[in-house]
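Please open the model in your viewer and keep the selection tool at hand, since each stop on this tour begins with something to select.

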Amino acid sequence: MTFKELNLSSEILRALDETGYTSPTPIQAQAIPVVLENKDVLGCAQTGTGKTAAFVIPMLEQIKKSKSRDNKRKVRGLIVTPTRELAIQIGENFREYGKYTNMNCTVIFGGVKQGKQTASLKNGVDVIVATPGRLLDLMQQGYISLREIEHFVLDEADRMLDMGFIHDVKKLLKHLPQKRQSLFFSATMSPEIIKLSNQILDRPVEIAVTPKSSTAEIINQSIYFVDKGNKSKLLLHLLENPELTSVLVFTRTKHGADKVVRILNKNKVNAAAIHGNKSQNARQKALGQFKDGKIRVLVATDIAARGIDIDELAYVINYELPNVAESYVHRIGRTGRAGAEGTAIAFCDATEKPYLKDIEKLIKQKIKVIDGHPFPLVDVDAKIPPKQPRQPRRNKGKGGGNSNRPKGNKRYSRG
Ligand code: AMP
């Protein structure tokens, strides 16, 4: 199939041609015609499938049409996404695909001063790409009205819930007009997600691509059993291999990410961390340096890494296994994109074995175990301590926040 067959306008086809995309990805081929018919969509797709273009391209087409009818500049499209990085990337894609149209968009996110954002809103925009908190904030200050929204996209809904944005999303919904088109994307479809989608969508067409396991199948995965205390040594050992030129390392916590960076830097490996405690500028800088090859290892928490768009990332190392199996699929999905070869390595200490079991169940395969490495698991009986009645915690001084012990039902530390 070609983009031409999707009945796109010449301006958009020209821009797509310049991006070098030759044909639509499966989610694009399925979603674009349905969205152009103005139907609601429930899309199950991960980052890396081309889902951004699947909603940005038809939104451009539709808004172009409705704008030509009344010739007014007003906010007709709203895309809400959980992280700043994702918002910035969607904005970039919008400008890229829409560069031969007269449509503009602005990107709204927190963590920076609002002046530039409000200035661009005052000039008039067709589409807003936003994270929920700053969007609500600017609405309350009267800079944004959603009364004329014709097309609404909720992107990465599962992350939105994980990051605790559910109340913000519900508040937002109250400000949207009843008559609108809504698209809802999520990588996973838990009952909670379905419930939220029911509150937003009207008789949606369901589109699913990449069953959860398929990313996992094209990536070369392996696991090293190693004691928690030896993980940094194992990481340094693996980095002795010069083939690992660009490596994305995942930790569960922000503190853990900083600690890994400290150890790597001490051992003369260029590394930086991206997580929620870093300023937007620091994150962008680290990401830029990583992309340019100035930083060899980027250490990230799950949430910070969402939506990072890095081409040809060959290695992902799970320094700590995620306590939610789907996160493993997201993490390793950062490599092996578009059929490129990818390698995903995981470290697993004895307390993480239950997580490994969950992951293997989800991806429906056993991950290859690497034996014979220099730091084999010794403390095989280390167990996740059973839940005990709460007792006052003795302050041990340093490192209190870096416990690797799974924290009850808390699914994520806010990366
Ligand atoms: P996404 O899933 O939206 O994060 O997109 C993943 C990557 O695929 C991005 O780098 C896009 O630029 C790229 N991409 C999107 N659509 C296509 C396409 N039809 N052909 C090739 N690459 C694409």
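Select helix 1 (residues 10-19) together with helix 3 in this predicted model, and look along the two axes, which come within 10 Å of each other and cross at roughly 155°. Because an angle over 145 degrees counts as roughly antiparallel, helix 1 and helix 3 are described as roughly antiparallel to each other. The crossing in which helix 1 passes helix 3 is right-handed. To see what makes the contact, show the side chains of Glu11, Ile12 and Leu16 on helix 1, and then those of Ile57, Leu60, Glu61 and Lys64 on helix 3. Sorted by class, the residues of this contact of helix 1 with helix 3 comprise 4 nonpolar and 3 charged ones, with no polar residue among them.

Keep helix 3 (residues 51-70) selected and add helix 4 to the view. Here the two axes again come within 10 Å, and they cross at roughly 50°, which makes helix 3 oblique to helix 4. This crossing, too, is right-handed. On the side of helix 3, the residues to display are Thr52, Ala53, Phe55, Val56, Ile57 and Leu60, and they meet Ile90, Asn93, Phe94 and Tyr97 of helix 4. The contact of helix 3 with helix 4 is made up of 8 nonpolar and 2 polar residues, and it has no charged ones. While both helices are on screen, notice that Ile57 and Leu60 of helix 3 take part in the contact with helix 1 and also in the contact with helix 4.

Now select helix 4 alone, residues 84-97, and follow its 14 residues from one end to the other. From its first C-alpha to its last, helix 4 reaches 20 Å, which is close to the 20 Å expected at 1.5 Å a residue. Is helix 4 largely enclosed by the rest of the structure, or largely exposed? Since 11 of its 14 residues are buried, helix 4 is largely enclosed by the rest of the structure. The buried residues include Arg84, Glu85 and Gln89, as well as Leu86, Ile88 and Gly91. Ile90, Asn93, Phe94 and Tyr97 are buried too, and these are the residues of helix 4 that meet helix 3.

For the last stop, select Gln178, which lies in the loop between helix 8 (166-175) and strand 6 (181-186). With a relative accessibility of 75%, Gln178 counts as exposed. Add Ile149 to the selection: the two residues are 29 residues apart in sequence, and 9.6 Å separates Gln178 from Ile149 in space, C-alpha to C-alpha.

Note on methods. Residues numbered from 1 in each chain as written. Predicted model: local features only at pLDDT ≥ 70, side-chain atom pairs only at ≥ 80, totals over all residues. Heavy atoms only, no water. Helix = DSSP H or I, 4+ residues; strand = E, 2+ residues; numbered from the N terminus. Expected span 1.5 Å × (residues − 1). Buried < 20%, exposed > 50% of the residue type's maximum accessible area, 1.4 Å probe, protein only. Axes fitted to C-alpha atoms, helices over the stretch in contact; angles between N-to-C directions. Parallel < 35°, antiparallel > 145°, perpendicular 65-115°, else oblique. Left-handed = near helix turned anticlockwise from the far one by under 90°. Contact = heavy atoms within 4.5 Å. Nonpolar A, V, L, I, M, F, W, Y, C, P; charged D, E, K, R; others polar.
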